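Here are some friendly notes to read alongside the coordinates. I have kept each point short so that you can check it as you go.

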Amino acid sequence: MGLNYFFDSLQDQFDNLEKHTQWGIDVLEKYIKFVKERTEIELSYAKQLRNLSKKYQPKKNSKEEEEYRYTSTRAFLATLNEMNDYAGQHEVISENMTSLITGELTRYVQELKQERKSHFHDGRKAQQHIETCWKQLEASKRRFERDCKEADRAQQYFEKMDADINVTKADVEKARQQAQLRHQMAEDSKAEYSSTLQKFNSEQHDHYYTHIPNIFQKIQEMEERRIVRIGESMKTFAEVDRQVIPIIGKCLDEITKAAESIDHKNDSQLVIEAFKSGFEPPGDIDFEDFTQPMKRTVSESSLSNSRGDGKSEPKFGGKSKGKLWPFIKKNKLMSLLTSPHQPPPPPPASASPSAVPNGPQSPKQQKEPLSHRFNEFMTSKPKIHCFRSLKRGGAGPEDFSNLPPEQRRKKLQQKVDELNKDIQKEMDQRDALTKMKDVYIKNPQMGDAASVDHRLAELGQNIEKLRLEVQKFEGWLAEVEGRLPLRTDQARRQSGLYEAQNTAAVNSCAQDRESPDGSYTEEQSQETEMKVPATDFDDEFDDEEPLPTIGTCKALYTFEGQNEGTISVAEGEMLYVIEEDKGDGWTRIRRNEDEEGYVPTSYVEVYLDKNAKGA
């Protein structure tokens with residue numbers, strides 16, 4: 001009974017150990033699954049970081065590339081590159097965890113399962129062996145007990161037969177022999193039982209003191225190795241992260257370094273260099289004395305910024321040597337400062353030529369201050385049609401005369417540098433072909449020396465053309481930089497061919513000069529910081545498309561246009577209307593392609609076209 005209890009207790013211990021070790025394997029597999037999901041997160045995070053970095057990288061051949069010349073945008077680009085490296089470190093984390101933890105633990109779990117199965121198999125085998133020995137001992141004991149009882153009964157029967165006088169001697173001898181046989185069988189069973197008992201005791205001792213402890217020891221060692229292994233895996237889990245921390249730290253240091261490299265002064269200077277025009281600000285506006293009975297005149301020191309003797313031009317559309325403020329056409333400037341602000345003279349009492357056309361102003365006319373028109377002009381947004389056409393892909397002047405002086409200088413310098421590079425390439429090719437020709441001359445079997453003469457001639461022509469181009473652009477560059485004080489007639493004739501090729505582009509810019517209300521819009525003026533002859537300045541406007549006519553008019557009185565911007569008309573003369581009265585008392589008319597100006601509205605009878613009115 002006692003041994004059965006021990007056997008049952010031992011079996012229960014095996015069951016408990018089996019459950020515990022299985023739980024340990026489940027914990028290990030759970031940890032493997034955790035690490036595997038962590039590696040997937042690291043890969044996903046690295047992929048998202050790379051996509052983010054790629055998304056904000058500047059596109060090739062786009063406007064964004066130009067923006068990366070500023071230190072702030074370069075710092076941002078460095079941040080994007082470092083984030084790409086940062087993502088690479090997370091990929092390293094994923095790879096190391098997969099190889100050092102997930103893969104190793106997966107193999108270890110398989111080995112652990114096999115070892116556990118072997119240990120419990122040995123335990124069950126030992127348990128079955130001791131139970132078999134116990135059964136053998138019990139059988140031997142029962143046999144010995146049975147034989148002893150049989151021997152006692154045989155002995156009692158013999159003694160009974162021997163005491164009975166009625167029993168024959170043969171029966172007594174037979175009972176005696178039977179008793180001796182049973183006694184001998186009992187002795188044999190006793191000996192067998194004794195041997196079996198000794199053997200069982202030995203097996204039991206080995207079982208409880210050797211085999212089972214060894215099995216338990218192996219199971220314990222197996223479980224301890226599992227615990228140690230999961231602990232080492234957790235340390236590796238941390239070490240994998242710790243190994244990339246220096247590199248991640250370097251990435252962050254580079255980002256910090258890039259941020260510290262941002263130079264606001266340098267960026268501001270780049271903006272200044274990119275957009276400075278080189279124009280000079282206008283001079284002061286002269287005081288206009290309205291107490292004198294004379295017409296207001298345009299101040300020569302105002303926006304026109306004259307550098308001459310201050311005399312006004314006698315004719316509208318005449319040549320001016322003064323330098324204009326950026327984006328102001330000459331006729332636009334004159335129209336702003338003359339016709340809209342000077343009230344027209346009242347109509348004469350009679351149509352005789354002796355009438356005073358330029359008499360005192362009508363009291364009903366309201367004066368609009370010059371400062372008001374100047375502020376309106378300066379605050380209006382210029383419409384730079386030429387720049388817009390260039391952005392759309394239109395061709396601009398070859399000498400970049402459509403740009404402000406400083407921008408023009410940069411473009412010309414860039415063009416000169418590009419041409420010099422092209423010349424160097426052509427010269428390198430020529431030198432290489434020359435060496436090849438020398439080799440052919442020395443070794444005719446390698447090739448025909450005359451076969452490269454044609455190509456050498458082409459290279460020579462190309463180099464000569466490029467040098468001429470360089471000279472042309474260097475001349476323009478010298479003109480802009482002030483090395484050439486004036487453009488000579490010969491230089492102007494040389495550049496006339498190139499300017500004629502770009503007439504269409506200039507005309508396309510001039511077509512959009514007039515705004516819907518009939519007034520001029522600011523347009524870009526291609527002026528340099530040096531004095532340019534009046535003929536050069538006005539050549540830019542000679543090919544401008546004239547404003548369309550919107551009707552006709554008949555002069556009711558004779559008007560002598562003595563002020564700048566006005567035009568003289570004779571009584572009864574028929575003329576074209578190109579701009580109607582805007583409420584200031586002046587109407588703009590045209591006699592022919594070369595003569596146009598303003599006349600008082602009260603001096604003419606206007607006949608507008610119906611289409612013009614609708615427009």
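1. Let me start with the charged pairs: the count comes to 25 salt bridges in this predicted model. Please keep in mind that the model is a prediction when you look at individual side chains.

2. A pair worth displaying is Arg143 with Glu192, whose side chains meet in a salt bridge at 2.2 Å, N to O. Arg143 belongs to helix α3 and Glu192 to helix α4, so this pair ties together parts that are 49 residues apart in sequence. Are these two partners buried or exposed? Arg143 is partly exposed, at a relative accessible area of 27%, and Glu192 also counts as partly exposed, at 35%.

3. Two other pairs sit within single helices. Arg153 and Glu150 form a salt bridge of 2.1 Å, N to O; both are in helix α3, three residues apart, or about one turn of the helix. Arg153 is partly exposed at 46% relative accessibility, and Glu150 is partly exposed at 23%.

4. In helix α4, Arg176 and Glu173 are likewise three residues apart, about one turn of the helix. The closest N and O atoms of their salt bridge are 1.9 Å apart. Arg176 has 26% relative accessibility and counts as partly exposed, as does Glu173 at 31%. Elsewhere, Glu579, Arg588, Arg590 and Glu596 are joined into one network by salt bridges that share partners.

5. Now to the nonpolar interior. The largest nonpolar core has 28 residues, and Leu28, Tyr31, Met97 and Ile101 are those with the most contacts inside it. Which elements give two or more residues to this core? They are α1, α3 (71–163) and α4 (169–260), with α3 supplying the largest share, eleven residues.

6. On the surface, Leu52, Tyr56 and Phe76 make up a nonpolar patch with about 280 Å² of accessible area together. Tyr56 is placed in the loop between α1 (2–55) and α2 (63–67). Its relative accessible area is 41%, so Tyr56 counts as partly exposed.

7. If you plan to look at the cysteines, a search of the whole structure finds zero disulfides. Cys133 is buried, at 7% relative accessible area, and Cys251 is buried too, at 4%.

8. Finally, a point on annotation. An unreviewed UniProt entry assigns a "coiled-coil region" to residues 158–189. In the model, that span is 84% helix and 0% strand, and its end C-alpha atoms lie 21 Å apart.

How values were computed. Residues are numbered from 1 along each chain as its sequence is written. This is a predicted model: local features need pLDDT of at least 70, side-chain atom pairs count only at pLDDT 80 or more; totals for chains, interfaces and linings use all residues. Side-chain values use heavy atoms; hydrogens and water are left out. UniProt positions are given in the numbering used here, feature names are shortened, and annotations may be inferred rather than shown by experiment. Helices (H or I, at least four residues) and strands (E, at least two) are DSSP runs, numbered from the N terminus. Patches are made of residues with over 30% relative accessible area and no salt bridge: like charges are joined within 9 Å, nonpolar side chains (Val, Leu, Ile, Met, Phe, Trp, Tyr) within 5 Å. Accessible areas come from the Shrake-Rupley method with a 1.4 Å probe; for residues, only the protein chains shown count as cover. A salt bridge is a side-chain nitrogen of Lys or Arg within 4 Å of a carboxyl oxygen of Asp or Glu. Buried means under 20% relative accessible area, exposed over 50%, partly exposed in between (1.4 Å probe, protein chains only). A disulfide is a pair of cysteine sulfur atoms within 2.5 Å. A nonpolar core is a set of buried Ala, Val, Leu, Ile, Met, Phe, Trp, Tyr and Cys residues joined through side-chain atoms within 4.5 Å.
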